[in-house]
Amino acid sequence: MRKATRSKSEAMKLLEKISRGPLTLGRAIESIRKGQELSQDECARKLGVSKSHLCDVEKSRKAVSPERAAKWARALGYPESVLVRLAIQGELDAAGLKYKVEIEAA
């Protein structure tokens, strides 16, 4: 189990390096979109939002609720826990609270 945790930590460090800072929901969505070679317009349609709204999320100008993050994860084919964790972490960070969120399925 420790090896998996270590690998996950290394993977997160790599993602943060690629995304030029701490991984946020917006940066994760942008990375997923680019990895799937989707334009903002195509991705926005897939997520059921406007291109402008998606751009605002990617640039961290708008927050996304955990419920919407779960819906987006399903639409993009990713585990809900990843995007939900980032959405909740974003809310805590915006409130200035120094907590680290970890998600575990019930």
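**Backbone outliers and the buried side of H3**

Ser-60 is exposed, at a relative accessible area of 51%. The value just clears the 50% cut-off, so Ser-60 counts as exposed rather than partly exposed. The model is predicted. Ser-60 sits in the loop that runs between helix H4 (51–58) and helix H5 (66–76). Its phi is positive, at about 60 degrees, although Ser-60 is not a glycine.

Another non-glycine residue with a positive phi is Glu-37, at about 55 degrees. Glu-37 belongs to the loop between helix H2 (25–35) and helix H3 (40–47). The relative accessibility of Glu-37 is 70%. Exposure requires over 50%, so Glu-37 is classed as exposed. Glu-37 and Ser-60 thus each lie in a loop between two helices.

Helix H3 follows the loop that holds Glu-37. Four of its residues are buried: Gln-40, Cys-43, Ala-44 and Leu-47. These residues share the same side of H3, because they span an arc of only 100 degrees around the axis. Which helices help to cover the buried residues of H3? The cover includes H2, H4 and H5. H2 is the helix before the Glu-37 loop. H4 and H5 are the helices on either side of the Ser-60 loop.

The backbone just beyond H3 also takes a positive phi. The residue there is Gly-48, with a phi of about 80 degrees. Unlike Gly-48, Glu-37 is not a glycine, and neither is Ser-60.

Key. Residues are numbered from 1 along each chain as its sequence is written. This is a predicted model: local features need pLDDT of at least 70, side-chain atom pairs count only at pLDDT 80 or more; totals for chains, interfaces and linings use all residues. Side-chain values use heavy atoms; hydrogens and water are left out. Buried means under 20% relative accessible area, exposed over 50%, partly exposed in between (1.4 Å probe, protein chains only). The arc is that of the directions from the helix axis to the C-beta atoms. Contact means heavy atoms within 4.5 Å.
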